[in-house]
Amino acid sequence: MDNTNSANNTLPANRIREAMAAVTAGQQNPEAAVPCPVCGAPGLQVEDRSVRPHAEWYALSCTSCGLDDTLHIPLGSRPGSFS
Ligand SMILES: [Zn+2]
C-alpha cells in the first residue's frame, strides 16, 4: 500500500495536465499570477529545477492548499514536439 495521494500536498494524477499548463503559462507570462492546478488559487510558486537536455523538473507549491510537489516532464514527450 502506497497511497500517497491521500495527502493533500501532492499533485493528483488527474491534475498533471493542469499543472503542465500552469508551468507553460508561467513561462510565457512570468509577470502573471499562475493559478494552482489543485485549488485554482492564483500565485502558484514554480521553481525550475530542470536538468536540460535530459528532463524538465518543476517544483510546484501553493500556499492556499499546501501543494508541494514536483512535476517531471521527460523531454521529447511533449505533444507537438519535434521528433
Ligand atoms: Zn493550491
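**Exercise 1.** Leaving aside neighbours within four places in sequence, which residues is A19 in contact with?

*Solution.* Before you start, note that this is a predicted model, where local features need pLDDT of at least 70, side-chain atom pairs count only at pLDDT 80 or more, and totals for chains, interfaces and linings use all residues. Residues are numbered from 1 along each chain as its sequence is written. Step one: a contact means that two C-beta atoms, placed from the backbone, lie within 7 Å. Step two: skip the close sequence neighbours, and A19 has L11, P37, L60 and L71 as partners.

**Exercise 2.** Work out the strand order of the open sheet and find its edges.

*Solution.* Strands here are DSSP runs of E with at least two residues, helices are runs of H or I with at least four, and both are numbered from the N terminus. Two strands pair if DSSP finds at least two bridges between them. Step one: the 3 strands go β1-β2-β3, with antiparallel pairing. Step two: β1 (45-48) and β3 (68-74) each pair on one side only, making them the edge strands. Step three: zoom in on β1 and β2, and you'll find 4 bridges, with D48 opposite Y58 in β2.

**Exercise 3.** Describe how α1 sits relative to the sheet strands.

*Solution.* Step one: α1 lies across β1, β2 and β3. Step two: check its direction against β3, and you get about 85°. Such angles run from 0 to 180 degrees between N-to-C directions, using axes fitted to C-alpha atoms (for helices, over the stretch in contact).
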